[in-house]
Amino acid sequence: MNAKETLKKLHENEHSLFIVHYSCQNLNDNNENYSPRITSIAVLHVGSSTMHSFSIHLIAEIRKISREDIDQHYDDLEKEMLAQFFAFLSDNDGAYWLHWNMSNINYGFEALIHRYKVLSGEDGKRIPDSRKFNLSSLILSVYGKNCVEHPRMASFMKLNDGEHRDGLTGKEEVEAFAAKEYVKLHKSTMCKVYWFQHMYYLLQRNKVVVHNKNWGNKVNTFLERPTVKALGFVAVLFSLFQAAQYGYSTIELDEKENGSVQEQTNKSMQPNADASAD
């Protein structure tokens, strides 16, 4: 499907459309594990704007584990958080999932499945690829890969009301985790999910603000206007009328030419007929 068809499909299924994002440790090598630990996951139901939160600090609070001691229970807390998330996926089997570049083992659905496998030895619920949609890729397919400057998310945020006070950069999220600022970290994750919803609605209305809007999109947007479509329909009717008029004129001209030729033939044969009568 192209971007237009995809957006139409998502719009028709917003009752079962979720937006998901998560925070984690540093994506580089300076972690205690090979893969970065998952710290919180935010899931927003688009149709109702209901937020579902999964976080190690929320589980720690239920278990009466103090903030200072959370790091002593990371494995158990992360495993339980992921188990709750995958149970949520199972409860919403058949849903559609919108995300921002959650596309590989480094950062994505596969990373969540991997972490759960590491911690529990079990496989997490898999979402069919046909039900996962990358919001970033959709925007770029409509407006062009060079529509904003790098880093793209930061640029889109500056241009489209995404610089919320709770939002953290990737570097700031890593620092927040190291400082055990779990609430601050999760608020940043939720803040981005709400912004993704905002961007989704802008994209549906073709209102995303970019640095460089490609000409192809401008032309397509112009041609989609009702007045332009109406003028196009009138132009087609006028062209058909002209074609019919030209065809009728050609037939009429041929008939006149044939009549003229026949008349000249008859005249040329008349003297011969008279001579034969003599």
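This report walks through a predicted model of one protein chain, from its overall make-up to a few helices and charged pairs.

## The chain as a whole

The chain has 278 residues, and 38% of them count as buried. Its secondary structure adds up to ten helices and five strands. If you look at contacts with a separation of 6 or more, 70% of them are between residues 24 or more positions apart.

No disulfides turn up here: the count is zero. Two cysteines can still be placed by how covered they are. Cys24 is buried, at 8% relative accessible area, and Cys191 is buried too, at 11%.

## Helix α3 and its buried side

Helix α3 runs over residues 74-91, which makes 18 residues. From the first C-alpha to the last it reaches 26 Å, close to the 26 Å expected at 1.5 Å a residue.

Its buried residues are Tyr74, Leu77, Glu78, Met81, Leu82, Phe85, Phe86, Phe88 and Leu89. They sit on the same side of α3, because they cover an arc of only 165° around the axis. The general background is handy for reading that list: an α-helix has 3.6 residues a turn, so residues three or four places apart point the same way.

Glu78 is the acidic residue to keep an eye on in that list, as it comes back in the next section.

## Salt bridges

The model has 14 salt bridges. One of them joins the side chains of Arg115 and Glu78, with 2.8 Å from N to O. Arg115 belongs to helix α4 (residues 109-120) and Glu78 to helix α3, so this pair ties together distant parts of the chain, 37 residues apart. Are these two partners buried or exposed? Both are buried: Arg115 has a relative accessibility of 1%, and Glu78 comes in at 0%. The pair is also part of a wider network of salt bridges that links Arg37, Asp75, Glu78 and Arg115.

Another bridge pairs Arg126 with Glu110, and here the closest N and O atoms are 2.6 Å apart. Arg126 lies in the loop between α4 and β5 (132-134), while Glu110 is in helix α4, 16 residues away. Arg126 is partly exposed at 48% relative accessible area, and Glu110 is partly exposed at 30%.

## Glu173, between two helices

Glu173 is found in helix α7. What does Glu173 form a salt bridge with? The partner is Lys192, with the closest N and O atoms 3.0 Å apart. That pair links helix α7 (residues 170-178) to helix α8 (residues 182-204), and the two residues are 19 apart in the chain.

Both ends of this bridge are covered: Glu173 is buried at 8% relative accessibility, and Lys192 is buried at 7%. Setting aside residues up to four places away in sequence, Glu173 touches Ser23, Leu168, Leu185, Ser188 and Lys192.

## Gln25 in its loop

Gln25 sits in the loop between β1 (17-24) and β2 (38-45). Loop or not, Gln25 is buried, with a relative accessible area of 7%.

A polar atom of the Gln25 side chain lies 2.9 Å from the backbone nitrogen of Arg37. Arg37 is a residue you have already met, as a member of the four-residue salt-bridge network. Beyond neighbours within four places in sequence, Gln25 is in contact with Asn31, Glu32, Pro36, Arg37, Val174 and Phe177.

## Helix α5, mostly enclosed

Helix α5 (residues 135-143) is largely enclosed by the rest of the structure, because seven of its nine residues are buried. Those seven are Leu135, Ser136, Leu138, Ile139, Leu140, Val142 and Tyr143.

Both ends of the helix have something to look at. At its start, a side-chain oxygen of Asn134 comes within 3.1 Å of the backbone nitrogen of Ser136. Just after the helix, Gly144 takes a positive phi of about 100°.

Methods. Residues numbered from 1 in each chain as written. Predicted model: local features only at pLDDT ≥ 70, side-chain atom pairs only at ≥ 80, totals over all residues. Heavy atoms only, no water. Helix = DSSP H or I, 4+ residues; strand = E, 2+ residues; numbered from the N terminus. Expected span 1.5 Å × (residues − 1). Buried < 20%, exposed > 50% of the residue type's maximum accessible area, 1.4 Å probe, protein only. Arc of directions from axis to C-beta. Disulfide = S-S within 2.5 Å. Polar contact = N/O pair within 3.5 Å; in protein donor to acceptor, adjacent residues only side chain to side chain. Contact = heavy atoms within 4.5 Å.
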